[in-house]
Amino acid sequence: MKRNLSRMFRTGVAAAAALLCAMPFQAAAEDYPSRPITLIMPFGAGNAPDTAARIIGDYLQRKHNITLLITSKPGGSGIPATLETVRARPDGYTISLTSANVLTVVPQYKKCGFTYKDLAPVAQVNVFTMGWGVRADSGIASVQDLMDKAKAERGKYSLASPGAFTAQRFYHANVMKLFPESDLPYVAYNGGAEIVTALLGNHISTGFTPVVNFKPHKDIRVIAVCSAQRDPNYPDAPTFKEMFGDGFVFDSVYGIVAPLKTPKDRIERLQNLIKEALSDPDVQAKFAKVNMTTNFLPADEFGKVIEGYYKLFEEPIRKAKEAEKK
């Protein structure tokens with residue numbers, strides 16, 4: 001009898017201990033987030049994604065008292081910032097606002113320690129129209145005009161875009177195949193803000209970045225956009241599709257990802273917070289004020305967008321790598 005009571009006592013103590021151990025974790029899950037969330041960006045401060053992150057962060061602070069610590073780590077084609085996210089503790093307190101380009105194009109071109117499959121999609125935030133911009137006083141009126149000048153005066157003209165191993169680089173290469181006699185080399189910069197500064201300072205002749213970065217500057221002329229339709233902010237700028245066909249449609253997709261093993265309930269919590277923020281009229285008005293739109297997609301749909309982006313550039317990157325080996 002004493003032996004049975006002793007066994008029952010030990011069993012009860014063990015059960016109680018297990019319950020007590022589980023309680024803090026359960027409370028932590030219910031209270032998430034209970035401390036600041038670090039958001040890492042592979043882009044420079046002042047760029048369009050940085051602005052989007054700060055608008056979202058302001059909403060979360062005001063409405064939910066959630067602090068978003070926005071950390072800008074540009075350079076290295078987004079590799080260092082992405083690796084930091086991949087290697088972070090998967091607890092929902094480190095996330096990244098990044099682009100489909102960084103997640104899919106860079107890893108295909110070179111080994112960098114991650115692929116898009118090493119991160120968990122949280123939510124798509126927005127889609128930026130990409131375009132080519134020149135100084136309004138440059139005398140360049142169109143892409144054809146730019147190519148003619150780059151043919152006539154070799155070594156004088158260049159095109160700059162964020163990152164060395166990016167979708168923009170391969171897009172530029174495809175355009176240049178149509179103008180084999182023109183000399184318009186690709187120059188890598190850290191971000192759109194730097195490109196605008198370099199363009200206005202006459203250090204480059206053409207900038208290739210989201211056109212939202214050009215919008216505040218009346219002395220920049222957009223000569224073409226990469227979207228399927230003309231951008232309403234630049235109705236006179238033709239699309240590359242109009243000029244060269246369907247193979248030249250390209251938009252820049254941005255969204256939030258987390259370390260791969262982040263708990264699903266925390267991914268869902270983050271997803272819902274982002275959805276709520278992007279649905280808020282005040283947030284949408286702030287996006288519109290800086291010539292951006294919100295384009296929310298939930299985690300599963302954003303994941304499909306990333307996969308589609310990977311496949312879109314798979315063949316061009318493979319061909320580019322083969323050509324470099326010859």
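I started with Thr-104, which sits in helix H4 (residues 100-109); helices here are DSSP runs of H or I with at least four residues, strands are E runs of at least two, and both are numbered from the N terminus. This is a predicted model, where local features need pLDDT of at least 70, side-chain atom pairs count only at pLDDT 80 or more, and totals for chains, interfaces and linings use all residues. Residues are numbered from 1 along each chain as its sequence is written, and side-chain values use heavy atoms, with hydrogens and water left out.

Thr-104 counts as buried because its relative accessibility is 0% (buried is under 20% relative accessible area, 1.4 Å probe, protein chains only). Leaving out residues up to four places away in sequence, I found that Thr-104 touches Tyr-116, Ile-306, Tyr-309 and Tyr-310 (contact is heavy atoms within 4.5 Å).

Next, the pocket. I noted about 330 Å³ for the largest one. It has 13 lining residues, and closest to its centre are Arg-169, Ala-173, Asn-174, Lys-177 and Ala-320. (A pocket is an open set of points on a 1 Å grid over the protein atoms alone, where a 1.4 Å probe fits, with protein on both sides within 12 Å along at least five of seven lines; lining residues have an atom within 4 Å of a point. Points join across faces, edges and corners, and a volume is the space filled by probe spheres set on them.) H6 gives the largest share of this lining, six residues. The pocket lies between domain 1 (37-127 + 252-324) and domain 2 (129-248), because both give residues to its lining; the bounds come from an automatic or database domain assignment.

Conventions: Buried means under 20% relative accessible area, exposed over 50%, partly exposed in between (1.4 Å probe, protein chains only).
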